[in-house]
Amino acid sequence: MSVHALTNHFVNRFSGRLGFLGLTLIYVLLVAACLGTLAREDELSLGRNPLANLVKTVGEFAHPSFLDVWFGNQQLEYKSDDGTVLRVENRQEVEADYLAGLGRATWTTIRIATLGSLLGALLALPLAVLTARNLAAPKPLAWLAKSVLDIARSIHTLVFGLVLVGIVGLGPTAGILAIGLHSMGTYGKLFAEAIESLDMAAIDAVRSVGATPDQVFFNAVWPSVLPQFVSSHLYVWEFNIRDSTILGLIGAGGLGLLITEATSLFQWGRLSTVLIVIVLMVSVFDTISRRIRQALS
Amino acid sequence: MNKIAISLQQVCCIADGRALLDVSTLSIRHGERIAIVGHNGAGKSTLLRLLTGFMPAAHGKVEVLGRDLSTGESPQELRTLRCEVGQIHQGLHLVGRLSAVENVMIGSLGRVTGWRSWVRHFPADEVTNAEAALHAVGLLARAQTRADKLSGGERQKVAIARLLVQQPKLILADEPTAALDPAAAGEVCHLLAQAARNSTLISIVHNPSLLPLLADRVIGLRSGRIAFDLPLSAVDDQKLTNLYRPDEAAPAAPWQLPESARRAVFS
């Protein structure tokens, strides 16, 4: 029995009000089991003094490091215990340098997301054509393409990244390939759905005047699916902008590298600056892509 | 004008083990204007699809515009035939995302080939043709409007303008006025009759008052067989009432095409 038939069987068995009640009960039991076992293993503690830690962390977050570019101490002296001055630091210069580095890292992240998304879309296009049910590609090919897409979708970008760093070495290339391979799965599914929801009347219209298959493709299929393709591309690209900020954690460069650096040195002020930049970048991209997608529909 | 445009002999169409159409003989001359009437599932649409090769005949001899369709025509030959056959369907056969004028120019795809037809960069004289056709149906002002923003009547007029550009020898109209109000239906029929001045016109009609606009010969289909084939003057209300009388013996009507037939996108 295939997975689909199995789930169907399961859904039928649990339909109706009684079935819903039963499913709710199972869910409640699962949650209780999770909480209960964790409590028994004594893993639900919040640490020794969570409140004080929270206040301290929030306090440091509330003072993002970029403020020092204007308000920092220009003559910060580092002294040893006996009072000798070890080093004098201009906080304003240091933080300005950090901001410049942050800008470069942001650009790297955007490059990884953009090229990775494009790679994913290009890889997914032929696979989506093969999996779309209404185009009726040969069965074995369709099955193969669908498996490739399912595998790509179920492996996390980070896992792809870790493996790829081992293959192509540290740097943005690993990030681009990781983003491309993972989002290929998402793209494939979205593209195939776009092709499956094709307007058959449009195809009949063009076929009925005796158009050749290439003319049918360019005059009926392409105009119908292109807006949906562009819209899915923007959507996944947006996701990848977010995803690629984390890729630095595994050595792909970009903002993630600065995040690891800031967290391992407990520099919450700098982490705060990085997070502000990420939020700004993501929301700007989100706004632009939403505008374009609205205009396309 | 006495050449034969269409000739059917002992033709039978079968789908899912049932005979959709069973015609012993039918012949239509060039320039004739035919209306096909009959209840849902009587085989009217099947007959039209048979004539364009979208529906194969199980056996029998089908000749359309001098081509023998019953011997298994190649896709290439079918396309050449379809270039000469204009079709207009129940309101939906336009490319929704293209503008009205682009939809009209689709009619010229048989003449324009290669990359020009891919990017819809049509030669200037085809564009002039298309605009003239839109003008003829009174829609030149809406030329740049997307087809899915047009009203039902306007869409049918765009389809007629496409026929004008295609210049087919045979026009098949499958209930061209199904979704229209009486005034728009009359106007569309009028334009359709004008577009078919120099060709053979076969239309499926339900509304008896539109028969004089579109036909001078009426063929009544009942359960896949020809019930009558008469000049317009000989068709009266009694004959039509008999034709549409419910038939208890007839099984459920398969007026939906099998999914497999629609799926073959690139044939």
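Trainee: Of the 267 residues in chain B, what percentage is buried, and what makes a residue count as buried?

Mentor: This is a predicted model, and in it 42% of the 267 residues in chain B are buried. A residue counts as buried if 20 or more other C-beta atoms lie within 10 Å of its own. For chain A, buried residues make up 32% of 297.

Trainee: How do you know which contacts in chain B join residues 24 or more positions apart, and what share do they account for?

Mentor: Two residues are in contact if their C-beta atoms lie within 7 Å. Of the contacts in chain B with a separation of 6 or more, 68% are between residues 24 or more positions apart. In chain A, the corresponding figure is 67%.

Trainee: How many helices and strands does each chain have?

Mentor: Chain B has 10 helices and 10 strands, and chain A has 12 helices and 2 strands. Along the sequence of chain A, the pattern reads α-α-α-α-β-β-α-α-α-α-α-α-α-α.

Trainee: Which strands of chain B form the open sheet, and in what order?

Mentor: The sheet has 6 strands in the order 6-7-8-3-9-10, with mixed pairing. Averaged over neighbouring strands, the turn of one against the next is 15°, direction ignored.

Trainee: What makes strand 6 and strand 10 of chain B the edge strands?

Mentor: Strand 6 (85-88) and strand 10 each pair on one side only.

Trainee: Why is the pairing called mixed?

Mentor: Strands of a sheet can pair either parallel or antiparallel. Strand 3 (residues 33-37) of chain B pairs in the parallel sense with strand 9 (residues 217-222) of chain B over 4 bridges. Strand 3 of chain B is also parallel to strand 8 (residues 200-204) of chain B, again over 4 bridges. Strand 9 of chain B, however, runs antiparallel to strand 10 (residues 225-231) of chain B, with 6 bridges joining them. Two strands pair if there are at least two bridges between them, so the 6 bridges here meet the criterion.

Trainee: Which residues stand opposite each other in these pairs?

Mentor: Ile36(B) faces Ile219(B) in strand 9 of chain B, and Ala35(B) faces Ser203(B) in strand 8 of chain B. For Val218(B), the bridge partner in strand 10 of chain B is Leu230(B).

Trainee: How many residues lie between strand 9 and strand 10 of chain B in the hairpin?

Mentor: There are 2 residues between the two strands, and Ser223(B) in the turn has a positive phi of about 50°.

Trainee: Which strands of chain B does helix 9 lie across?

Mentor: Helix 9 (residues 237-244) of chain B lies across strand 3, strand 9 and strand 10, at about 25° to strand 9.

Trainee: Why are helix 5 and helix 12 of chain A called oblique to each other?

Mentor: The axes of helix 5 (residues 91-131) and helix 12 (residues 268-296) of chain A cross at roughly 40° and come within 11 Å. Roughly parallel requires an angle under 35 degrees and roughly perpendicular one of 65 to 115, so the two helices are oblique to each other. Helix 5 of chain A passes helix 12 of chain A in a right-handed crossing. On helix 5 of chain A, Tyr98(A), Leu102(A) and Thr106(A) make the contact, and their counterparts in helix 12 of chain A include Arg270(A) and Met281(A). By class, this contact has 5 nonpolar, 2 polar and 1 charged residues.

Trainee: Why are helix 5 and helix 10 of chain A called oblique?

Mentor: Their axes cross at roughly 135° and come within 8 Å. Roughly perpendicular ends at 115 and roughly antiparallel needs over 145, so this pair is oblique. Helix 5 of chain A passes helix 10 of chain A in a right-handed crossing. Among the residues in contact are Ala113(A) and Gly116(A) of helix 5 of chain A and Trp237(A) and Asn240(A) of helix 10 of chain A. That contact has 8 nonpolar, 7 polar and no charged residues.

Trainee: How many residues of chain A are in contact with chain B, and which elements give two or more of them?

Mentor: In chain A, 25 residues are in contact with 25 residues of chain B. The elements giving two or more on the chain A side are helix 9 (200-207) and helix 10 (213-247) of chain A. Helix 10 of chain A gives the most, 9 residues. By class, the chain A side has 15 nonpolar, 7 polar and 3 charged residues.

Technical notes
Residues are numbered from 1 along each chain as its sequence is written. Chains are lettered from A and ligands numbered from 1 in the order in which they are written. This is a predicted model: local features need pLDDT of at least 70, side-chain atom pairs count only at pLDDT 80 or more; totals for chains, interfaces and linings use all residues. Axes are lines fitted to C-alpha atoms, for helices over the stretch in contact, and angles run from 0 to 180 degrees between N-to-C directions. A crossing is left-handed if the near helix is turned anticlockwise from the far one by less than a right angle, and right-handed if clockwise. Ala, Val, Leu, Ile, Met, Phe, Trp, Tyr, Cys and Pro count as nonpolar, Asp, Glu, Lys and Arg as charged, and the others, Gly among them, as polar. A residue is buried if 20 or more other C-beta atoms lie within 10 Å of its own, exposed if 12 or fewer, and partly exposed in between; C-beta atoms are placed from the backbone.
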